[in-house]
Amino acid sequence: MSTVLVVDDSKFFLSVLTSKLKSAGFKVIGAASIAETREILQTRRDEIFMALLDLFLPDGPEGEVVDLAISHGVPSVVFTGNYSEDTRDRVLSKQVIDYVVKDDPSSLDYLASLVHRLDHNRSIRAMVVDDASTARKYIVDLLALYQFEVIEASNGEQALARLNDTDNIRLIITDYHMPVMDGFQLIKNIRRTWRRDQIAVIGVSSSGSSTLSAKFIKSGANDFLNKPFLREEFFCRIAMNVDLMEQLDALKAAATTDFLTGIPNRRSFFERALPLIAAAQRGQAELAVGMIDLDHFKAINDTHGHEAGDAALAAVARLLVSECRQTDLVARFGGEEFCILAFNLAADARDAYFERLRSRISDLSVEFAGIPLRLSASIGVSGNAQAGLDGMLAEADQQLYRAKQEGRNRVCWLD
């Protein structure tokens, strides 16, 4: 949990902002003066992720708190009830992240969302591509101020090489005019592999025009900025594009993840299993598909309630994830039914593999409201990759039915 230092001599504003940040999952250290802030920074600096600073304090009427925070290397956002162009320019010259006017309740929401955005940025890599070292350094410094991890490239060819060698690059800022490979060609090459929702690319150019902007977008860029640009506009465009990618990530996760257990759902299983089945059909790997159904599960719901049943399902999902190999696919198909695709599993190892899973489920002890819930599972297995995914699932279902008919808590399988 990240910790935010909030400095404001208004008890009301400090209380409201503290409440908003805590509800968003942050720890808050509050201070009402420069003296308190100095003591906190001297004793608890290592805890603090960033600071929200009131510009005018009783013992620092000229914004001295900003210099104090920056001297301790604390990323800072300034807020104030008074706005003027001179004050804004003076504050932003100190390399603070942002300057916010607290003139209505929406400013509090903006501050909370800004803290959330900056916290998330620490886990994102960005790349700046520009052959002009001065221009490149300027954007690198801005992104670092905004808490991104930043790497650099001096042309499109170098950028592609670093993109292929570096994980988790989600944002690229690229200039247009560059030797070896210009911004347009770079974007076209990026889009051959990565979609707009996977990597956001923002084009920049000092020779900007509506025609150039349109050409960037048509080439595959998410956005475009003319140089020179205001820092606030730069940060807003960055936040907008990264926010959009994360929202799309969340939607995709919701569509492919089982809400109760947190493991992939049936849809995700099919998407990920099809290429593995194709590899097995080409003789590149051996695999097996297992259908797992918990025995007498209705009795748990009827006797102890659906919350007990949910606890049992979540426990089984955790067990399957921990017991299966990283190369295996584990999914909940619905109700009390799970499915496993064991990839690169030799035929002579299948029986022992699924028998071990059956045994682990049988040994699993789930306690709900002080009541132990005993579980067992029947498993049907198919190793016939030539039948295709639908065929393997149908065969595994048949074997599952057989396991139920033969007394449950057993594995039945078909080559």
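Here are some short exercises on this predicted model, each with a worked solution.

**Exercise 1. Confidence**

Find where in the protein the confidence is lowest and where it is highest.

*Solution.* Start with the overall picture: the protein averages a pLDDT of 92, and 99% of the residues score at least 70. Next, go element by element. Helix α4 (residues 85–92) sits at the bottom with a mean of 82, while strand β6 (residues 125–129) tops the list at 97.

**Exercise 2. An aromatic pair and its neighbour**

Classify the ring pair Tyr-176 and Phe-216, then do the same for Phe-216 and Phe-224.

*Solution.* Some context before the geometry: the structure holds 14 aromatic pairs. A pair of aromatic rings is described by the distance of the centres and the angle of the planes.

Step one: for Tyr-176 and Phe-216, the centres are 6.1 Å apart and the planes stand at 80 degrees. Planes over 60 degrees apart count as edge-to-face, so this pair is edge-to-face.

Step two: place the residues. Tyr-176 belongs to the loop between β8 and α8, and Phe-216 to helix α9 (residues 210–219), so the pair ties together parts that are 40 residues apart in sequence. Tyr-176 and Phe-216 are both buried.

Step three: move on to Phe-216 and Phe-224. Here you get 5.1 Å centre to centre and 35 degrees between the planes, which makes the pair tilted. Phe-224 is buried, just as Phe-216 is.

If you want one more aromatic group to pull up in your viewer, try the cluster formed by Tyr-138, Tyr-146, Phe-148, Phe-229, Phe-234 and Phe-235.

**Exercise 3. A salt bridge between two helices**

Work out which parts of the chain the salt bridge between Arg-88 and Glu-232 ties together.

*Solution.* A search of the whole structure turns up 29 salt bridges. In this one, the side chains of Arg-88 and Glu-232 meet at 2.8 Å, N to O. Arg-88 is in helix α4 and Glu-232 in helix α10, so the bridge links parts 144 residues apart in sequence.

Now check the exposure of each partner. Arg-88 has a relative accessible area of 14%, so it counts as buried. Glu-232 comes out at 23%, so it counts as partly exposed.

**Exercise 4. Salt bridges inside a helix**

Take the pairs Asp-302 with Lys-298 and Glu-355 with Arg-358, and describe the spacing and exposure of each.

*Solution.* Asp-302 and Lys-298 first. Their side chains meet at 2.7 Å, N to O. Both residues lie in helix α12 (residues 297–304), 4 residues apart, or about one turn of the helix. Asp-302 and Lys-298 are both exposed.

For Glu-355 and Arg-358, the closest N and O atoms are 2.6 Å apart. These two sit 3 residues apart in helix α14 (residues 350–363), so about one helical turn separates them. Glu-355 is partly exposed at 30% relative accessibility, whereas Arg-358 is buried at 13%.

There's also a network to look up: Asp-8, Asp-54 and Lys-102 are joined by salt bridges that share partners.

**Exercise 5. Buried or exposed?**

Decide whether Met-178 is buried or exposed, and do the same for Leu-251.

*Solution.* The cut-offs are under 20% for buried and over 50% for exposed. Met-178 has a relative accessible area of 10%, so it is buried. You'll find Met-178 in the loop between β8 (169–175) and α8 (183–191). Leaving out residues up to four places away in sequence, its contacts are Val-129, Asp-130, Asp-131, Ser-154, Asn-155, Gly-156 and Gly-183.

Leu-251 has 58%, so it is exposed. This leucine lies in helix α10 (residues 231–256). Together with Leu-244 and Leu-248, Leu-251 makes up a nonpolar surface patch with about 280 Å² of accessible area.

**Exercise 6. Sequence distance and space**

Give the C-alpha separations for Asp-310 with Phe-368 and for Met-178 with Ile-97.

*Solution.* Asp-310 and Phe-368 are 58 residues apart along the chain, and their C-alpha atoms are separated by 9.9 Å. Asp-310 itself lies in helix α13 (residues 306–323) and, at 33% relative accessibility, counts as partly exposed. For Met-178 and Ile-97, 81 residues apart along the chain, the C-alpha separation is 29 Å.

Notes. Residues are numbered from 1 along each chain as its sequence is written. Side-chain values use heavy atoms; hydrogens and water are left out. Patches are made of residues with over 30% relative accessible area and no salt bridge: like charges are joined within 9 Å, nonpolar side chains (Val, Leu, Ile, Met, Phe, Trp, Tyr) within 5 Å. Accessible areas come from the Shrake-Rupley method with a 1.4 Å probe; for residues, only the protein chains shown count as cover. A salt bridge is a side-chain nitrogen of Lys or Arg within 4 Å of a carboxyl oxygen of Asp or Glu. Buried means under 20% relative accessible area, exposed over 50%, partly exposed in between (1.4 Å probe, protein chains only). Contact means heavy atoms within 4.5 Å. pLDDT is the predictor's confidence in each residue, from 0 to 100. Rings of Phe, Tyr and Trp (its six-membered ring) pair if their centres lie within 6.5 Å; planes under 30 degrees apart count as stacked, over 60 as edge-to-face and the rest as tilted.
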